[in-house]
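Please open the model in your viewer and keep the sequence panel beside it. The tour moves from one selection to the next and says what is found at each stop.

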Amino acid sequence: MIELKECVEILDSKRIPLSSSERKRLKKIYPYYGAQGIIDYVENYIFDGEYILIAEDGNNLKSLQQNIATWVEGKFWVNNHAHILGKKKGYNLRYIYYLLSILDLRGYITGSAQPKLNQENLAGIQLQLPNINRQNKVAQILSCIDNKIEINSKINSELEEMAKTIYDYWFLQFEFPDEEGKPYKSSGGKMVWNEELKREIPEEWKSGYLEDMIEICNGKDHQNLEVGGIPVYGSGGILRYVNKNLYHGESVLIPRKGTLNNVIYVDEPFWTVDTMFYTKMKKKDSALFVYYTVKLFNFEKLNTGTGVPSMTSSIIYSLKTIIPDENILEAFNSKVCPLYKQIQHNKKENQELTSLRDFLLPLLMNGQVSFKE
């Protein structure tokens, strides 16, 4: 056994916290880390390289719903709510990160009301490390999986940004392709004033309400459903998988309670919880248009709840929107839908890779998997 301080450099003295008012004045370039991940971006950095961040305080030290260890690469800033560990010669830092992620560290945490992992206790964490060759091999296998997950996530972010850009170009700037394939508005397409929307819109388009585009349905409780392959969506994403679907097809999921702006597009058999609405489309090829249109509204400001933020179907139905020409909706859908199919493929692959990594991690750490020379 060896203490953590013997195999890493503890670099807490280099941390510099920045207040929210200080950060408001800074350009958003480099990640600014807190106890459990990125909380903002700033215009400069303290660290550049590979490091482990360990939460120093916060409720997660008690609940352990998230990994208290975070692997960080590149240029970043960190506040004083996370310990920072650097590499030391003769030890593989990535291996130590994976080992810390599966250890039960509750014995090193103090305080019940305000849990804290102080530096002294952190430094004294007992580790059982294999020789450096095995550390390197294990770290290489697990990091290959994590790197692929990260690549898929970055690709998805770029695809989502591409789809959003197309929506903005077509439906906010009205530069969708005209009959000659040229941008409509800048090529002289006729625009007319719409009194309801208080703006100009293309001549053949109409104004209306979201009620003209969607039918809103209530999600249902999922606790009694058996485990299966159908995703259950909450406002934060997939909660679990069950053996039955509530709806099959394209839908826009809108939180009814909680974090109201977490709108989700779905195109698969799914179930959604009773604190979410799901929608059925009234117009063909309109789901992705509805998704981006709904995301334009700030539901947090339309909150009807006095305690827990809440949303009603009547408020959603009453929101004003443009009603594009059906040919434009079809063209937009055919352009953006392939992007979302790739996003769904990458998400599914990431779920499989995460399951594989989580299966291998304890086996590799406990020496239950051997390597051929």
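In which helix do Glu150 and Lys154 both lie, and how many residues apart are they? Both lie in helix α6, 4 residues apart, which is about one turn of the helix. Before going further, note that this is a predicted model, in which local features need pLDDT of at least 70 and side-chain atom pairs count only at pLDDT 80 or more, while totals for chains, interfaces and linings use all residues. Residues are numbered from 1 along each chain as its sequence is written, and side-chain values use heavy atoms, with hydrogens and water left out.

**Salt bridges along and between helices**

Stay with Glu150 and Lys154 and show their side chains, which meet in a salt bridge at 3.4 Å, N to O; the term stands for a side-chain nitrogen of Lys or Arg within 4 Å of a carboxyl oxygen of Asp or Glu. Helices and strands are DSSP runs numbered from the N terminus, helices being H or I of at least four residues and strands E of at least two. Glu150 counts as partly exposed because its relative accessibility is 39%, where buried means under 20% relative accessible area, exposed over 50% and partly exposed in between, with a 1.4 Å probe and protein chains only.

Next select Glu349 and Lys148, whose side chains form a salt bridge at 3.8 Å, N to O. This pair links distant parts of the chain, with Glu349 in helix α9 (residues 326-365) and Lys148 in helix α6 (residues 132-172), 201 residues apart. Glu349 is partly exposed at 24% relative accessibility, and Lys148 is likewise partly exposed, at 33%.

**Around Glu56 and His83**

Move now to Glu56 and Lys116, which meet through their side chains in a salt bridge of 2.8 Å, N to O. The two are 60 residues apart and link distant parts of the chain: Glu56 is in the loop between β5 (47-55) and α3 (60-63), and Lys116 in the loop between α4 and α5 (119-123). Glu56 is buried, with a relative accessible area of 10%, whereas Lys116 is partly exposed at 31%. Add Arg15 to the selection, for Arg15, Glu56 and Lys116 are linked in a network of salt bridges; a search of the whole structure finds 16 salt bridges.

From Glu56, go to His83, which is in strand β7 (residues 82-87). Is His83 buried or exposed? At 1% relative accessibility, His83 counts as buried. Leaving aside neighbours within four places in sequence, the residues in contact with His83 (heavy atoms within 4.5 Å) include Arg15, Glu56 and Leu117. The side chain of His83 reaches the backbone oxygen of Leu117 at 2.6 Å.

**The sheet that holds β7**

Colour the strands of the open sheet ordered β2-β7-β5-β6-β3-β4, which has 6 strands and mixed pairing; two strands pair if DSSP finds at least two bridges between them. Its edge strands are β2 (8-10) and β4 (37-42), each of which pairs on one side only. Strand β3 (residues 30-34) pairs with β4 in the antiparallel sense over 5 bridges, and Pro31 stands opposite Tyr41 in β4.

**Helix α4**

Select helix α4 (residues 93-102), where 8 of the 10 residues are buried, among them Tyr95, Tyr97 and Tyr98.

**The second sheet in the tour**

Another open sheet of 6 strands follows the order β12-β17-β15-β16-β13-β14, with mixed pairing. Since β12 (214-218) and β14 (237-242) stand at the edges with a single partner strand each, one side of each is left without a neighbour in the sheet. Strand β13 (residues 227-234) runs parallel to strand β16 (residues 264-272), to which 2 bridges join it; the bridge partner of Tyr233 in β16 is Thr272.

Bring in helix α9 once more, which lies across β14, β15 and β16 and runs at about 55° to β16. This angle is taken between axes fitted as lines to C-alpha atoms, for helices over the stretch in contact, on a scale from 0 to 180 degrees between N-to-C directions.

**Two cysteines to finish**

End with Cys144, which counts as partly exposed at 48% relative accessibility, and Cys337, which counts as buried at 13%. The structure holds 0 disulfides, a disulfide being a pair of cysteine sulfur atoms within 2.5 Å.

Technical notes:
A polar contact is a pair of N or O atoms within 3.5 Å; within protein, one must be able to donate a hydrogen and the other to accept it, and residues adjacent in sequence count only if both atoms are side-chain atoms.
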